[in-house]
Amino acid sequence: MEVLCPVCGRKETIDKTHKDFQKLAKAQTKTHICESCNLKIKAQAASANDLLR
Ligand SMILES: [Zn+2]
């Protein structure tokens, strides 16, 4: 199944072994944040938390 990363616009192919496959198969929108964007977002969230502290 082909999904699109809404952050970087890169297409990714995921199969049944992917942890989000079931979720995406049910969802109407075939968008999935790719691994590298996921890490970026997590890093941004972590630094945002640091600013709040
Ligand atoms: Zn991405």
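From the N terminus on, the elements of this chain run β-β-α-α. That makes two helices and two strands. What you see is a predicted model. The radius of gyration is 13 Å, well over the 10 Å that the globule rule gives for 53 residues, so the chain is more spread out than a compact globule. Along the principal axes, the C-alpha atoms fill a box of roughly 40 × 20 × 20 Å.

A word on confidence. The average pLDDT of the chain is 92, and 100% of the residues score at least 70. Strand 1, residues 2-4, has the highest confidence, with a mean of 94. Helix 1, residues 21-26, has the lowest, with a mean of 91.

Next, burial. How much of the chain counts as buried? The figure is 4% of the 53 residues. Keep that in mind for helix 2.

Helix 2 covers residues 35-52. From its first C-alpha to its last, this helix of 18 residues reaches 26 Å, close to the 26 Å expected at 1.5 Å a residue. How many of its residues are buried? The count is zero, and the helix is hardly covered.

Take one residue from helix 2, Ser 36. Ser 36 counts as exposed because it has 12 C-beta neighbours inside 10 Å, and the cut-off for exposed is 12 or fewer. In sequence, Ser 36 is 31 residues from Cys 5; in space, the two C-alpha atoms are 10 Å apart.

Now a residue that is buried. His 32 sits in the loop between helix 1 and helix 2. Why does His 32 count as buried? Because 23 other C-beta atoms lie within 10 Å of its own, and the cut-off for buried is 20 or more.

Which residues does His 32 touch, leaving aside its neighbours within four places in sequence? The contacts are Val 3, Cys 5, Glu 12, Ile 14, Asp 20 and Leu 24. Of these, Val 3 belongs to strand 1, Glu 12 to strand 2, and Leu 24 to helix 1. Leu 51 is another matter: 19 residues along the chain from His 32, with 28 Å between the C-alpha atoms.

The loop between strand 1 and strand 2 holds Gly 9. Gly 9 is exposed, because the number of other C-beta atoms within 10 Å is 9. Gly 9 and Ile 41 are 32 residues apart in sequence, and their C-alpha atoms are 15 Å apart in space.

Last, the contacts across the chain. Among those with a separation of 6 or more, 45% join residues 24 or more positions apart.

To sum up: the chain is more spread out than a compact globule, helix 2 has no buried residues, and His 32 is buried in the loop between the two helices.

Notes:
Residues are numbered from 1 along each chain as its sequence is written. This is a predicted model: local features need pLDDT of at least 70, side-chain atom pairs count only at pLDDT 80 or more; totals for chains, interfaces and linings use all residues. pLDDT is the predictor's confidence in each residue, from 0 to 100. Helices (H or I, at least four residues) and strands (E, at least two) are DSSP runs, numbered from the N terminus. Two residues are in contact if their C-beta atoms, placed from the backbone, lie within 7 Å. The expected span of a helix is 1.5 Å times one less than its number of residues. The radius of gyration is taken over C-alpha atoms; the globule rule is 2.2 Å times the number of residues to the power 0.38.
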